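User: I would like to go through this structure term by term. Please set each value against its cut-off.

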Amino acid sequence: MVSPNTDVAFDNKIEGDIVISRLDAVINWVRTNSMWPMPMGLACCAIELMGTASARFDIARFGAEVMRFSPRQADCMIVAGTVTYKMAPHVRRIYDQMSEPKWVIAMGACASSGGMYRSYATLQGVDRIVPVDVYVSGCPPRPEALLDALIKLQDKVKKTPSLRNLTA
Amino acid sequence: MSDTVAAEPVADLLAKFSEATPRESLDHPAVNVPMKDAVAVLQWLRDEQSYDFLVDVTGIDWSETTSPRFTAVWHLFSTTKHTYIRIAADCTDDANPSAPTATGLFPAADWHERETFDLMGITFEGHPDLRRILMWDGYPHHPLRKEFPLAGIETELPDIEVADETQAKVISAPMMGGPFVASNKGEMNLTDAEPRAKDESWNEAKPKPE
């Protein structure tokens with residue numbers, strides 16, 4: 001009988017219950033894989049956001065299925081739709097109420113730049129009031145595009161020097 | 001809709017209200033009335049002519065140089081006769097246009113009149129709660145007036161705290177030579193039908209000449 005080679009894998013007989021890693025990697029691993037979204041659904045993009053969350057596209061595969069309508073429990077605000085000037089202060093206040101660390105995805109043309117609404121009533125891009133991490137093009141974007149944005153955001157979080165930010 | 005049925009209340013209305021005049025219309029029968037008679041006409045149409053449904057209240061701005069500048073318009077529908085009628089009344093004051101409220105007759109007039117006040121600046125006298133409905137309280141302009149530019153006028157955000165923190169303002173939107181309109185020549189040409197800027201004298205690359 002050929003015994004399996006255990007040298008290359010984690011061997012708890014030798015190493016005990018200890019895993020050695022960088023603290024950054026551990027913190028980022030935790031942050032990356034349970035990124036609870038705050039669904040700031042303001043227009044038709046919110047319908048695609050719902051599609052992204054439901055069975056066919058299933059955002060749960062990326063650990064972001066827990067839509068939190070309380071900003072205090074959310075990590076990532078997904079601004080899905082047209083932000084009017086009347087709504088803009090509320091978006092900013094909800095962003096302020098989210099606890100650190102927090103990220104923002106601007107979903108679709110309207111949230112990214114005002115989109116087709118070159119108008120007196122529409123905020124010309126949500127990045128004027130909150131810092132945006134990922135912009136998604138489309139009107140509205142397909143659910144795949146939003147998932148891609150989430151993966152891009154996760155990549156960004158993985159590369160963040162979290163420990164330095166903690167101590168700073 | 002047959003014209004004979006619709007013409008009947010108009011003739012009755014013109015007979016009853018001597019200062020009313022027929023109004024040019026492409027679709028539904030329409031009548032011009034003096035502003036002082038507007039509510040009486042609406043009440044007569046509701047009570048005597050079974051126009052029991054207020055479909056819309058709106059306004060017209062004929063431009064800064066025209067007098068009378070503003071016209072208030074009411075659209076009524078009869079749920080028994082299945083016909084519409086349009087009532088229009090010129091506002092006597094061009095600077096501070098006003099119209100009597102119809103909320104006493106039709107509760108539905110409430111929000112319609114708030115919208116007309118918000119966007120056109122026509123004050124409805126006697127309205128129970130005449131606040132802005134689409135723009136925020138304290139917005140200094142009436143955006144559907146002719147002198148208001150499509151891109152908007154720079155002003156402050158509704159929330160001072162947020163405005164201080166973000167340094168964001170209500171800006172006039174970059175129109176990039178817009179508004180973007182399709183060709184009005186009438187030909188079915190997909191290249192020309194694509195909405196495009198007719199005026200490229202200023203855009204994001206070239207600033208607007210002062």
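**Terms and values**

Analyst: Along the sequence, chain A runs α-α-β-α-β-α-β-α-β-α-α, with 7 helices and 4 strands. Helices (H or I, at least four residues) and strands (E, at least two) are DSSP runs, numbered from the N terminus. The model is predicted: local features need pLDDT of at least 70, side-chain atom pairs count only at pLDDT 80 or more, and totals for chains, interfaces and linings use all residues. Residues are numbered from 1 along each chain as its sequence is written, chains are lettered from A in the order in which they are written, and side-chain values use heavy atoms, without hydrogens and water.

User: Why are α3(A) and α6(A) called roughly perpendicular to each other?

Analyst: Angles under 35 degrees count as roughly parallel, over 145 as roughly antiparallel, 65 to 115 as roughly perpendicular and the rest as oblique. The axes of α3 (residues 45-53) and α6 (residues 143-158) of chain A cross at roughly 75° and come within 9 Å. These axes are lines fitted to C-alpha atoms over the stretch in contact, and angles run from 0 to 180 degrees between N-to-C directions. The pair is therefore roughly perpendicular.

User: Which residues make the contact of α3(A) with α6(A)?

Analyst: Contact means heavy atoms within 4.5 Å. On α3(A) the residues are E48(A), L49(A) and T52(A); on α6(A) they are P143(A), L146(A) and L147(A).

User: What makes S112(A) buried, and D58(A) partly exposed?

Analyst: Buried means under 20% relative accessible area, exposed over 50%, partly exposed in between (1.4 Å probe, protein chains only). S112(A), at 16%, therefore counts as buried. This residue of helix α5 (residues 108-113) of chain A touches A106(A), G125(A), D127(A), Y135(A) and V136(A), leaving aside residues up to four places away in sequence. D58(A) has 27%, so it is partly exposed. D58(A) sits in the loop between α3 and β2 (76-80) of chain A.

User: How do you know that the buried residues of α2(A) line one face of the helix?

Analyst: In α2 (residues 23-33) of chain A, the buried residues are D24(A), I27(A), N28(A) and T32(A). Seen down the axis, they fall within an arc of 130°, so they line one face. The arc is that of the directions from the helix axis to the C-beta atoms.

User: What is the phi of D58(A), and which bond joins E100(A) and P101(A)?

Analyst: Most residues other than glycine have a negative phi, and most peptide bonds are trans. D58(A), not a glycine, has a positive phi of about 55°. A cis peptide bond joins E100(A) and P101(A), with omega about -5°.
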